[in-house]
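Biologist: I'm in my first year and still learning to read models. Could you take one part of this one and give me a close look at how it is put together?

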Amino acid sequence: MYTVQEKRDLLLEEDLCDHCLGRQFAKLGHGLENYERGAIIREKDEVNENSFARDNIPEEAEPGSSCHVCQEVFEKMDHWVELVEDSFERYELDTFLIGIRPPSDVLKAEEELWEEYGLEWVEPIKTELSRLIGKRLEEELGIEVDFKRPDINAIIEMEESKDRVEMQVNSLLIYGQYNKYSREIPQTEWHCRNCRGDGCDECDWTGKQYTTSVQEEIQDPFMRETKGIEAKFHGGGREDVNARCLGKREFVLEIIEPLNRNLDLKELQEEVNESTDKIEVFELQFTHKDKAADIKQKHADKEYKAVIETEDEITEEDLDNISKAVGEIKQDTPERVEHRRADKTRKREIYEVEWEKTGDKEFELTVKAEAGTYIKELIHGDEGRTQPNVSELIGTSAECVQLDVTWIEK
Ligand SMILES: [Zn+2]
Ligand SMILES: [Zn+2]
């Protein structure tokens with residue numbers, strides 16, 4: 001392994017520019033750019049680890065030099081910055097990240113240098129370029145580098161035959177909660193069962209099974225304001241089409257490739273809520289991808305209110321038996337979802353039940369239950385596949401004719 005002095009003496013023979021010379025010592029000294037490191041050790045005859053200090057920078061040190069390793073990538077700094085600025089022009093953004101694909105000849109020359117003189121203290125040319133270009137963009141556009149969640153990732157293709165910027169415009173994510181007051185709409189758009197979305201007489205050539213959905217009731221103003229190409233809806237679970245949700249279900253609305261990001265969410269929330277009586281949204285705020293994943297995975301306990309009709313007349317004494325449903329129940333995968341999920345027996349906890357007799361063959365049931373409990377099956381019993389179940393407990397066949405989700409754990 002070479003000392004700083006030895007490595008510097010050898011590298012001077014290579015006829016490198018200040019950028020490329022300094023980059024071989026990039027890990028030494030703080031708050032310096034590589035061209036400044038290069039200028040320091042070119043000027044001083046005696047060098048060591050402590051030479052890389054601000055006070056030692058010669059006055060004539062300046063960026064933009066070139067040599068046989070970097071060719072002209074540092075000379076063309078204005079060009080790269082302009083290329084990115086042009087690509088960013090259509091977009092509203094606060095944060096970004098720059099990636100670099102240097103010309104292959106440059107990468108090859110850099111590797112040869114590393115093979116010859118070792119990897120100690122070095123920084124790849126990509127890193128230096130992305131930092132320098134990132135800084136310029138921060139200054140000129142008033143935006144910020146963000147390594148974790150940039151609004152846009154821009155990759156500069158520096159190969160002469162390419163000479164372009166590849167952009168990945170990241171989604172804009174908006175968190176909210178919704179109530180659904182309609183018993184006729186699903187959470188997201190369903191294709192027409194007959195034509196599978198192509199359009200037919202049965203769906204009035206809309207391609208849709210239902211005229212609208214929770215997502216469609218929400219997304220329009222967001223698409224208009226962001227000019228995104230598509231919206232995706234991530235719900236924290238979903239209720240059946242014919243069930244209302246009064247418990248404020250969490251969701252994340254994802255706008256793909258938005259041009260605009262600076263939205264007035266308070267105003268948009270009002271606009272959505274004034275435009276429809278089928279749903280209502282609450283708590284809109286900007287969020288990120290991890291949150292969308294959290295919401296989808298979360299197992300939230302829930303409370304339901306069901307209107308139930310029975311085959312035979314029921315008495316208060318019959319209904320008192322429903323209290324035996326509290327505690328652990330066993331549910332085989334229901335017939336209606338068996339094609340979607342593996343058939344297995346699950347244990348679920350019923351925390352609370354309350355009931356009110358509303359007719360000879362009708363009552364209302366409130367159930368607070370563990371995440372994942374199939375409530376309609378708890379009521380009709382699913383031919384004995386849920387144990388215990390309300391039908392067996394009250395001694396006559398019971399059917400849920402109306403269901404609301406009234407509370408969702410958050
Ligand atoms: Zn160079
Ligand atoms: Zn159709």
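Modeller: Happy to! One term first: angles under 35 degrees count as roughly parallel, over 145 as roughly antiparallel, 65 to 115 as roughly perpendicular and the rest as oblique. This is a predicted model, in which local features need pLDDT of at least 70 and side-chain atom pairs pLDDT 80 or more, while totals for chains, interfaces and linings use all residues. Residues are numbered from 1 along each chain as its sequence is written, with chains lettered from A and ligands numbered from 1 in written order.

As a warm-up, take helix 7 (residues 214–226) and helix 8 (residues 265–275), whose axes come within 8 Å and cross at roughly 140°. The two helices are therefore oblique to each other. Axes here are lines fitted to C-alpha atoms, for helices over the stretch in contact, with angles from 0 to 180 degrees between N-to-C directions. Helices (H or I, at least four residues) and strands (E, at least two) are DSSP runs numbered from the N terminus. I218, P221, F222 and E225 of helix 7 meet L268, E271 and V272 of helix 8; contact means C-beta atoms, placed from the backbone, within 7 Å.

Now for the part I'd like you to look at closely: an open sheet of four strands, ordered 2-1-3-4, with mixed pairing. Strands pair if DSSP finds at least two bridges between them. At the edges, pairing on one side only, are strand 2 (144–145) and strand 4 (164–169). Strand 1 (residues 95–101) runs parallel to strand 2, and two bridges join them. Look for F96, whose bridge partner in strand 2 is V145. Helix 6 packs on the sheet here, touching strand 1 and strand 2, its direction at about 145° to that of strand 1. Helix 4 (residues 77–88) lies across strand 3 (152–157) and strand 4, at about 140° to strand 3.

What sits among these elements? Of the 40 residues in the largest nonpolar core, C70, V84, F96, I98, I133 and I156 touch the most other members. Such a core is a set of buried Ala, Val, Leu, Ile, Met, Phe, Trp, Tyr and Cys residues joined through C-beta atoms within 7 Å; buried means 20 or more other C-beta atoms within 10 Å of a residue's own. Helix 6 gives the largest share of this core, five residues. Finally, find I133: leaving out residues up to four places away in sequence, it touches W80, V81, V84 and I98.

How values were computed
Contact = placed C-beta atoms within 7 Å. Buried ≥ 20, exposed ≤ 12 C-beta atoms within 10 Å, placed from the backbone.
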